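Please open the structure in your viewer and keep the selection panel at hand. The tour proceeds stop by stop.

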Amino acid sequence: MSFVSEFNSLQLDALTLRSLNCASNAARSSLAKSALSLADFAHLISPAASDLLEPLSRRSQQLTQQRFGKVIRLFAPLYLSNECINNCKYCGFSRDNPILRVTLSVDDVLREARALMEQGFRNILLVSGEHPKFVSSGYLCECVEALHQGVPSISLEVGPMEIEDYRPLVGAGADGLVVYQETYDRAIYADMHTSGPKRNFDWRLETPERAYAAGFRRLGIGALFGLADWRKEALALAAHADYLLRTCWKAQLTISLPRLRPCAGVFQPPTSMTDRDLVQLVCALRLMFPDAGLVLSTRETEALRNGLIPLGITLLSAGSHTEPGGYTGAGREKLHHTERGRIIELGASEWAAGGDALQATEQFDIADERSPGEVAQLIRELGYEPVWKDWDAALTAV
Ligand code: SF4
């Protein structure tokens with residue numbers, strides 16, 4: 001039994017319709033409840049509840065302060081590699097994109113981590129494309145081992161693996177595993193993921209459970225908003241979170257709400273989610289899952305991030321680079337171009353011309369370009385405490 005069987009019997013279309021047709025009094029009644037069902041959650045993300053955004057955000061704010069104190073935890077992504085064997089229509093790292101790629105050496109990774117630690121970070125998310133040759137479990141283990149001395153909180157956002165491949169990573173000191181389903185709509189998932197192992201929807205959907213079985217104690221899930229109808233996506237995400245809280249109960253759960261950003265390639269998001277929709281969803285998730293961490297990345301603008309800090313968000317990335325070597329220029333000498341997965345050495349073609357300004361291609365553009373120090377200062381100005389370390393530190397800091 002895994003979430004796949006529960007997911008297959010979910011009445012997602014009916015729940016989405018229920019949300020779209022929800023009347024104002026039904027939304028008010030769900031808002032007043034202390035324990036919410038998935039049907040209540042559908043009411044809270046309804047168009048009718050959009051008119052109740054003020055009381056909704058007030059409750060979300062109260063609950064967040066009750067459970068987390070006035071604390072915002074900061075983390076930074078550290079990109080290890082932008083090699084990838086998958087083609088995902090929305091991602092700049094897709095195998096067929098003619099971009100500059102590199103996989104950092106362990107020394108490069110340490111250099112990047114030191115730069116982040118100098119800025120204050122003690123909570124780092126190691127990110128990479130999916131490429132078993134360049135980004136093997138052994139390579140990831142070496143990176144985690146090297147970092148673990150100085151970085152108490154290490155999470156991974158890498159290609160899904162078997163339980164047996166995850167175990168050594170936990171042993172080396174990684175404690176968090178993040179995997180976004182991207183979209184919970186099977187047809188859109190098949191359309192977006194045109195080649196590579198990522199085409200296997202069920203394998204990806206079961207990844208948090210494999211990670212938990214291997215010993216990870218922080219699990220992160222999310223959907224990439226902009227691919228499918230946001231309400232349907234949010235309902236599936238909430239069902240997934242609910243399942244994980246029931247079955248992987250020793251783990252801390254975080255939920256991320258990334259919206260699509262421009263990247264290499266010519267992809268246009270097929271659906272949209274407005275800022276107001278995003279605020280409503282953050283608040284509804286807080287009411288549904290009072291203890292879940294809610295994550296907001298630098299994909300969002302400064303103004304929106306500032307506004308969401310008091311409303312329910314508990315984790316923020318800051319000063320992010322989404323390319324390997326982005327913090328220090330590490331790995332620049334190993335850059336190469338790939339065309340349809342084939343490596344072209346620099347200078348071997350007009351595509352691969354060298355030059356001092358070269359850097360690996362980023363996964364997506366960021367919108368909030370403030371430094372981590374500036375973000376921390378803003379958090380203080382809002383009356384919150386920025387915390388750079390792990391979850392427990394965040395809880396005991398209040
Ligand atoms: S989303 Fe992930 S798997 Fe897909 S191309 Fe980008 S890095 Fe590769």
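Which residues surround the ligand? Select Cys 84, Asn 86, Cys 88, Tyr 90, Cys 91, Phe 93, Ser 94, Gly 129, Lys 198 and Gln 363; each has a heavy atom within 4 Å of the ligand.

This is a predicted model, in which local features need pLDDT of at least 70 and side-chain atom pairs pLDDT 80 or more, whereas totals for chains, interfaces and linings use all residues. Residues are numbered from 1 along each chain as its sequence is written, and side-chain values use heavy atoms, with hydrogens and water left out.

Next, select helix H7, residues 106-118 (helices are DSSP runs of H or I, at least four residues, and strands runs of E, at least two, numbered from the N terminus). Its buried residues (under 20% relative accessible area, 1.4 Å probe, protein chains only) are Asp 108, Val 109, Glu 112, Ala 113, Ala 115 and Leu 116. They line one face of H7, because they fall within an arc of 155° seen down its axis (taken from the directions from the axis to the C-beta atoms). These buried residues pack (contact means heavy atoms within 4.5 Å) against strand E1 (71-81), strand E4 (123-128) and helix H8 (137-148). On the other side of H7, Asp 107 and Glu 118 are exposed (over 50%).

Finally, select Arg 370, in the loop between strand E13 (342-344) and helix H16 (372-381). Arg 370 is buried, with a relative accessible area of 10%. Its side chain makes polar contacts (N or O atoms within 3.5 Å, one able to donate a hydrogen and the other to accept it; residues adjacent in sequence count only if both atoms are side-chain atoms) with the side chain of Asn 306 at 2.9 Å and with that of Asp 368 at 2.6 Å.

Definitions and conventions: The expected span of a helix is 1.5 Å times one less than its number of residues.
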